[in-house]
Amino acid sequence: MRRLFLPLAVLALAACSSEPAEQESAEDFADRIGQAGESAQLDPSQPDPDAPNTANDAPPAGADLTRLAKLGDIGGVNLGPRDGGCTLMVGSEEMLIAAGMRDKALPGKAVVRVGNSLTMVDADVGGLDAIKSGTTFNGEGFTITVAPAAGDQQSRPANVTVRDASGKTQTYSGNWICA
């Protein structure tokens, strides 16, 4: 009997002393974990999930323009009218998305992420065919040259060279996937 009484007494005391807990606000939680007024430090090579998903014409000041990062959410990016496009995949990460019209007199557009910001770049004239076969994209202070393997397959290996205005370069190898 004693064995049964002790656990029941503990449960009864716990039930009597239970009062509804006050709901903690988001600010209180941030204060408690030490992040009030500061954003979590993210890996600079990865996109900030809270960054706007729209693109700027100019890259952010001080960014390493040769270092492309995973695009992340590009839902608010306007590549303009297009008949198709291509994506540079490095491993499982999208690093550049380009689009263009079939009209060879028109340039295409692309978006990349540099300095944790989405940035628009313009393709040379040549339309969608030039984008699919490989072209150069020009941004403010940098160029991106895409050189896919020969052929017309939907997915081909590609080498990409990014060069800033000072001549610094970075190369990437991946797949150029076009639709």
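The exercises below, each with a worked solution, concern a predicted model.

**Exercise 1. The disulfide**

Find how many disulfides the whole structure holds, and work out which residues form the link and where in the chain they lie.

*Solution.* Begin with the search of the whole structure, which finds one disulfide. Next, identify the partners, which are Cys86 and Cys178, with their sulfur atoms 2.0 Å apart. Then place each partner in the chain: Cys86 belongs to strand β2 and Cys178 to strand β9, and since the two are 92 residues apart, the pair links distant parts of the chain. Turning to the geometry, the angle about the S-S bond is 110°, and the link of Cys86 and Cys178 is right-handed. Finally, decide whether the two cysteines are buried or exposed. Buried means under 20% relative accessible area, so Cys86, at 1%, counts as buried, and Cys178, at 9%, counts as buried too.

**Exercise 2. The nonpolar cores**

Describe the largest nonpolar core, and state which strands supply at least two of its residues.

*Solution.* Start with the count, which is 23 residues for the largest nonpolar core, and note that those with the most contacts inside it are Leu68, Leu96, Phe137, Ile144 and Trp176. Then look at the strands, where β2 (84-90), β3 (93-100), β4, β5, β7 (142-148), β8 (155-164) and β9 (169-178) each supply at least two residues of this core. Apart from this core lies another, of eight residues, among them Leu71, Val77, Leu79 and Leu118. As background, nonpolar side chains in soluble globular proteins tend to be buried together.

**Exercise 3. The surroundings of Thr136**

Locate Thr136 in the chain, and determine which residue its side chain meets in a polar contact.

*Solution.* The first step is to place Thr136, which lies in strand β6, residues 136-139. The second step is to follow its side chain, which makes a polar contact of 3.3 Å with the side chain of Thr145. The third step is to list what Thr136 touches once residues up to four places away in sequence are set aside, namely Asp122, Ala123, Asp124, Thr143, Ile144 and Thr145.

**Exercise 4. A backbone angle in a loop**

Determine what is notable about phi of Asn116, and where this residue lies.

*Solution.* First read the angle: phi of Asn116 is near 60°, which is a positive value in a residue other than glycine. Then find the position, since Asn116 sits in the loop that runs between β4 (107-114) and β5 (117-125). Last, consider accessibility, where a relative accessible area of 30% makes Asn116 partly exposed.

Definitions and conventions: Residues numbered from 1 in each chain as written. Predicted model: local features only at pLDDT ≥ 70, side-chain atom pairs only at ≥ 80, totals over all residues. Heavy atoms only, no water. Helix = DSSP H or I, 4+ residues; strand = E, 2+ residues; numbered from the N terminus. Buried < 20%, exposed > 50% of the residue type's maximum accessible area, 1.4 Å probe, protein only. Core = buried A, V, L, I, M, F, W, Y, C linked by side-chain atoms within 4.5 Å. Polar contact = N/O pair within 3.5 Å; in protein donor to acceptor, adjacent residues only side chain to side chain. Contact = heavy atoms within 4.5 Å. Disulfide = S-S within 2.5 Å.
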